[in-house]
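Thanks for coming. I have one structure to go through today, so please look at the screen.

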Amino acid sequence: GMEIRLLLPGDDRREVSRVYEESWRFAYRGIIPQAYLDGIPAGHWAPCLDTPGWHTLLCMENGAMVGTSSFCASRSAQFPGWGEIISLYLLPAYMGRGYGKALLLNALAELDRLGFGEVFLWVLEENRQARQFYSRMGFSPSGGFLEDSIGGKPLRELAYAYKISAWFIRPRPREASWSGRSCAYIRRALARAGGITAWRPRPGAGWLARYGAASWRAMAM
(Lines give C-alpha, C1' and ligand atoms only; values in the text may rest on other atoms or scores of the structure.)
Protein backbone atom coordinates (compact mmCIF):
# COMPACT_ATOMS: atom_id res chain seq x y z
CA GLY A 1 0.00 0.00 0.00
CA MET A 2 0.89 3.67 -0.04
CA GLU A 3 3.06 5.25 2.65
CA ILE A 4 4.16 8.89 2.83
CA ARG A 5 7.17 9.62 4.99
CA LEU A 6 10.06 12.03 5.37
CA LEU A 7 13.31 11.50 3.49
CA LEU A 8 15.79 9.57 5.65
CA PRO A 9 19.61 9.85 5.69
CA GLY A 10 19.93 6.42 4.13
CA ASP A 11 17.51 7.04 1.25
CA ASP A 12 19.03 7.05 -2.24
CA ARG A 13 19.06 10.68 -3.41
CA ARG A 14 19.61 9.58 -7.01
CA GLU A 15 16.41 7.55 -6.83
CA VAL A 16 14.52 10.62 -5.65
CA SER A 17 16.08 12.57 -8.50
CA ARG A 18 14.85 9.90 -10.92
CA VAL A 19 11.27 10.75 -9.94
CA TYR A 20 11.97 14.39 -10.84
CA GLU A 21 13.61 13.42 -14.12
CA GLU A 22 10.83 11.12 -15.32
CA SER A 23 8.15 13.55 -14.21
CA TRP A 24 9.80 16.46 -16.02
CA ARG A 25 10.15 14.49 -19.26
CA PHE A 26 6.48 13.51 -19.15
CA ALA A 27 4.72 16.57 -17.71
CA TYR A 28 6.76 19.25 -19.47
CA ARG A 29 6.72 17.70 -22.94
CA GLY A 30 5.66 20.46 -25.32
CA ILE A 31 6.33 23.13 -22.69
CA ILE A 32 10.09 22.90 -22.11
CA PRO A 33 12.27 22.28 -25.21
CA GLN A 34 12.60 18.54 -25.84
CA ALA A 35 16.37 18.77 -26.25
CA TYR A 36 16.63 20.10 -22.70
CA LEU A 37 14.39 17.36 -21.29
CA ASP A 38 16.32 14.65 -23.12
CA GLY A 39 19.58 16.04 -21.77
CA ILE A 40 18.71 16.02 -18.06
CA PRO A 41 21.49 13.92 -16.48
CA ALA A 42 20.78 11.11 -14.03
CA GLY A 43 20.97 12.34 -10.45
CA HIS A 44 20.56 15.98 -11.49
CA TRP A 45 18.45 16.93 -8.44
CA ALA A 46 20.18 14.67 -5.90
CA PRO A 47 22.45 17.40 -4.42
CA CYS A 48 19.48 19.74 -3.85
CA LEU A 49 17.77 17.36 -1.44
CA ASP A 50 20.20 18.10 1.39
CA THR A 51 19.97 21.88 1.04
CA PRO A 52 19.80 23.39 4.57
CA GLY A 53 16.20 24.23 5.46
CA TRP A 54 14.68 21.89 2.88
CA HIS A 55 12.28 19.13 3.95
CA THR A 56 11.36 16.29 1.63
CA LEU A 57 8.54 13.77 1.67
CA LEU A 58 8.59 10.49 -0.20
CA CYS A 59 5.54 8.67 -1.51
CA MET A 60 6.15 4.92 -1.40
CA GLU A 61 4.01 2.22 -2.96
CA ASN A 62 4.74 -1.31 -1.75
CA GLY A 63 8.26 -0.19 -0.87
CA ALA A 64 8.96 1.50 -4.21
CA MET A 65 9.47 5.25 -4.50
CA VAL A 66 6.77 6.75 -6.75
CA GLY A 67 6.58 10.42 -5.73
CA THR A 68 8.23 13.21 -3.79
CA SER A 69 7.54 16.70 -2.51
CA SER A 70 9.96 19.23 -0.99
CA PHE A 71 9.05 22.30 1.05
CA CYS A 72 10.73 25.02 3.10
CA ALA A 73 10.39 28.55 4.44
CA SER A 74 9.79 31.01 1.62
CA ARG A 75 12.83 31.75 -0.54
CA SER A 76 11.05 34.65 -2.24
CA ALA A 77 10.97 38.29 -1.18
CA GLN A 78 7.43 38.38 -2.58
CA PHE A 79 6.22 36.06 0.21
CA PRO A 80 8.12 36.83 3.43
CA GLY A 81 7.19 34.58 6.32
CA TRP A 82 5.26 32.13 4.15
CA GLY A 83 5.85 28.44 3.64
CA GLU A 84 6.86 27.31 0.17
CA ILE A 85 6.18 24.07 -1.65
CA ILE A 86 9.27 23.68 -3.77
CA SER A 87 8.23 20.65 -5.76
CA LEU A 88 5.67 17.89 -6.14
CA TYR A 89 6.50 15.13 -8.63
CA LEU A 90 5.24 11.64 -9.39
CA LEU A 91 6.32 8.91 -11.73
CA PRO A 92 4.07 9.15 -14.81
CA ALA A 93 2.31 5.84 -14.10
CA TYR A 94 1.06 7.24 -10.77
CA MET A 95 -0.27 10.58 -12.01
CA GLY A 96 -4.02 11.16 -11.88
CA ARG A 97 -4.61 8.39 -9.37
CA GLY A 98 -4.84 10.33 -6.09
CA TYR A 99 -1.19 10.04 -5.08
CA GLY A 100 -0.54 13.71 -5.79
CA LYS A 101 -3.47 14.75 -3.60
CA ALA A 102 -2.21 12.65 -0.72
CA LEU A 103 1.35 13.94 -1.11
CA LEU A 104 0.22 17.57 -1.23
CA LEU A 105 -1.96 17.18 1.87
CA ASN A 106 0.97 15.72 3.76
CA ALA A 107 3.25 18.56 2.65
CA LEU A 108 0.70 21.14 3.79
CA ALA A 109 0.34 19.42 7.15
CA GLU A 110 4.11 19.44 7.62
CA LEU A 111 4.24 23.16 6.78
CA ASP A 112 1.50 23.78 9.30
CA ARG A 113 3.53 21.89 11.90
CA LEU A 114 6.45 24.20 11.11
CA GLY A 115 4.22 27.18 11.90
CA PHE A 116 3.26 28.46 8.45
CA GLY A 117 -0.33 29.61 8.00
CA GLU A 118 0.15 30.69 4.39
CA VAL A 119 1.80 28.69 1.64
CA PHE A 120 2.71 29.37 -1.98
CA LEU A 121 4.26 27.55 -4.90
CA TRP A 122 5.42 28.33 -8.42
CA VAL A 123 3.81 26.66 -11.44
CA LEU A 124 4.59 27.17 -15.11
CA GLU A 125 1.92 29.27 -16.82
CA GLU A 126 1.76 26.80 -19.71
CA ASN A 127 1.28 23.83 -17.38
CA ARG A 128 -2.50 23.98 -17.38
CA GLN A 129 -2.95 20.51 -15.95
CA ALA A 130 -0.90 21.37 -12.85
CA ARG A 131 -2.68 24.71 -12.46
CA GLN A 132 -6.05 22.94 -12.53
CA PHE A 133 -4.83 20.42 -9.96
CA TYR A 134 -3.70 23.12 -7.54
CA SER A 135 -6.94 25.04 -8.04
CA ARG A 136 -8.94 21.92 -7.16
CA MET A 137 -6.81 21.56 -4.04
CA GLY A 138 -7.69 25.07 -2.84
CA PHE A 139 -4.79 27.13 -4.22
CA SER A 140 -5.47 30.33 -6.15
CA PRO A 141 -3.31 32.65 -8.27
CA SER A 142 -1.78 35.39 -6.13
CA GLY A 143 -0.90 37.67 -9.02
CA GLY A 144 2.82 37.13 -8.50
CA PHE A 145 4.96 35.81 -11.30
CA LEU A 146 8.55 35.20 -12.38
CA GLU A 147 10.07 35.40 -15.84
CA ASP A 148 12.35 32.44 -16.42
CA SER A 149 14.19 30.71 -19.23
CA ILE A 150 14.65 26.94 -19.50
CA GLY A 151 16.51 25.41 -22.38
CA GLY A 152 16.59 28.76 -24.10
CA LYS A 153 12.80 29.20 -24.03
CA PRO A 154 11.29 32.13 -22.09
CA LEU A 155 8.76 30.83 -19.57
CA ARG A 156 6.57 32.51 -16.98
CA GLU A 157 6.01 30.98 -13.56
CA LEU A 158 2.86 31.92 -11.65
CA ALA A 159 2.57 32.03 -7.87
CA TYR A 160 -0.35 30.09 -6.40
CA ALA A 161 -1.26 30.73 -2.77
CA TYR A 162 -3.07 28.78 -0.08
CA LYS A 163 -4.21 29.58 3.47
CA ILE A 164 -3.81 26.52 5.64
CA SER A 165 -6.30 27.81 8.19
CA ALA A 166 -9.06 27.70 5.58
CA TRP A 167 -9.15 23.87 5.54
CA PHE A 168 -7.00 22.52 8.33
CA ILE A 169 -8.19 21.93 11.88
CA ARG A 170 -5.48 21.90 14.54
CA PRO A 171 -6.09 19.18 17.13
CA ARG A 172 -5.86 19.86 20.82
CA PRO A 173 -2.75 18.27 22.38
CA ARG A 174 -4.66 15.38 23.90
CA GLU A 175 -6.04 14.55 20.43
CA ALA A 176 -2.64 14.49 18.73
CA SER A 177 -2.64 10.79 17.98
CA TRP A 178 -3.78 8.62 15.11
CA SER A 179 -7.40 7.61 15.52
CA GLY A 180 -8.96 4.71 13.65
CA ARG A 181 -11.77 7.00 12.54
CA SER A 182 -9.38 9.57 11.02
CA CYS A 183 -7.30 6.93 9.25
CA ALA A 184 -10.42 5.29 7.87
CA TYR A 185 -11.67 8.65 6.62
CA ILE A 186 -8.48 9.33 4.65
CA ARG A 187 -8.48 5.80 3.23
CA ARG A 188 -12.05 6.24 1.97
CA ALA A 189 -11.31 9.71 0.57
CA LEU A 190 -8.22 8.49 -1.27
CA ALA A 191 -10.11 5.50 -2.61
CA ARG A 192 -12.82 7.80 -4.00
CA ALA A 193 -10.24 10.17 -5.47
CA GLY A 194 -8.00 7.74 -7.23
CA GLY A 195 -8.75 4.12 -6.49
CA ILE A 196 -6.16 3.91 -3.71
CA THR A 197 -7.34 1.33 -1.21
CA ALA A 198 -4.25 0.93 1.00
CA TRP A 199 -2.82 3.83 3.00
CA ARG A 200 -1.12 4.19 6.35
CA PRO A 201 0.17 7.19 8.34
CA ARG A 202 3.89 7.66 8.60
CA PRO A 203 5.26 7.08 12.12
CA GLY A 204 5.89 10.07 14.33
CA ALA A 205 3.26 12.48 13.00
CA GLY A 206 0.08 11.48 14.77
CA TRP A 207 -1.79 14.74 14.18
CA LEU A 208 -1.58 14.35 10.40
CA ALA A 209 -4.62 12.11 10.04
CA ARG A 210 -6.88 14.77 11.51
CA TYR A 211 -5.44 17.41 9.19
CA GLY A 212 -5.95 15.16 6.21
CA ALA A 213 -9.48 14.31 7.23
CA ALA A 214 -10.31 18.00 7.65
CA SER A 215 -8.92 18.80 4.22
CA TRP A 216 -10.75 16.02 2.46
CA ARG A 217 -13.99 16.93 4.23
CA ALA A 218 -13.70 20.50 2.96
CA MET A 219 -12.94 19.30 -0.57
CA ALA A 220 -16.05 17.14 -0.58
CA MET A 221 -18.35 20.05 0.27
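I will go from the overall fold to the strands, then the core, then the largest pocket.

Bear in mind throughout that this is a predicted model. The protein chain has 221 residues, and 50% of them are buried. There are six helices and eight strands. If you follow the sequence, the order is β-α-α-β-β-β-α-β-α-β-β-α-β-α. As for contacts with a separation of 6 or more, 67% of them are between residues 24 or more positions apart.

Now the strands. Start with S3, residues 64-73, where eight of the ten residues are buried. S3 pairs with strand S2, residues 55-61, in the antiparallel sense over seven bridges. To place that pairing on the screen, find His-55, whose bridge partner in S3 is Phe-71. S3 is also joined by seven bridges to strand S4, residues 83-90, again antiparallel. There, Ser-70 has Ser-87 in S4 as its bridge partner.

S2 and S3 form a hairpin, with two residues between them. Asn-62 lies in that loop. It is not a glycine, yet its phi is positive, about 50°. Is Asn-62 buried or exposed? Its relative accessible area is 61%, and exposed means over 50%, so Asn-62 counts as exposed.

Further along the chain there is another group of paired strands. S5, residues 118-124, appears here, joined to strand S7, residues 153-163, by seven antiparallel bridges. Val-123 stands opposite Leu-158 in S7. S7 also pairs with S6, antiparallel, through eight bridges. In that pairing, Asp-148 has Leu-155 in S7 as its bridge partner. S6 and S7 form a hairpin too, with two residues between the strands, and Gly-151 in this hairpin takes a positive phi near 65°.

Next, the core. In soluble globular proteins, nonpolar side chains tend to be buried together. In this model the largest nonpolar core has 50 residues. Which of them touch the most other members? They are Trp-24, Ile-32, Ile-85, Leu-104, Tyr-134 and Phe-139. Helix H3, residues 99-113, gives this core its largest share, eight residues. Take Ile-32 as a case: leaving aside neighbours within four places in sequence, Ile-32 is in contact with Trp-24, Leu-37, Leu-124, Ile-150 and Leu-155. Apart from the largest core lies another, of six residues, including Phe-79, Trp-82, Trp-122 and Ala-161.

Last, the largest pocket. Its volume is about 1,100 Å³, and 45 residues line it. Which residues lie nearest the centre? Those are Tyr-28, Leu-88, Tyr-89, Asn-127 and Tyr-134. Tyr-134 was also listed among the core residues that touch the most other members. Several elements contribute to the lining: helix H1, S4, H3, S5, helix H4 and S6 each supply at least two residues. By type, the lining divides into 27 nonpolar, nine polar and nine charged residues.

To recap, S3 is bridged to S2 and to S4, while S7 is bridged to S5 and to S6. H3 gives the largest core eight residues, and H3 also supplies at least two residues to the lining of the largest pocket. That is what I have for today.

Methods: Residues are numbered from 1 along each chain as its sequence is written. This is a predicted model: local features need pLDDT of at least 70, side-chain atom pairs count only at pLDDT 80 or more; totals for chains, interfaces and linings use all residues. Side-chain values use heavy atoms; hydrogens and water are left out. A nonpolar core is a set of buried Ala, Val, Leu, Ile, Met, Phe, Trp, Tyr and Cys residues joined through side-chain atoms within 4.5 Å. Buried means under 20% relative accessible area, exposed over 50%, partly exposed in between (1.4 Å probe, protein chains only). Helices (H or I, at least four residues) and strands (E, at least two) are DSSP runs, numbered from the N terminus. Contact means heavy atoms within 4.5 Å. Two strands pair if DSSP finds at least two bridges between them. On a 1 Å grid over the protein atoms alone, a cavity is a set of points where a 1.4 Å probe fits but cannot get out, and a pocket is an open set with protein on both sides within 12 Å along at least five of seven lines; lining residues have an atom within 4 Å of a point. Grid points are joined across faces, edges and corners, and a volume is the space filled by probe spheres set on the points. Ala, Val, Leu, Ile, Met, Phe, Trp, Tyr, Cys and Pro count as nonpolar, Asp, Glu, Lys and Arg as charged, and the others, Gly among them, as polar.
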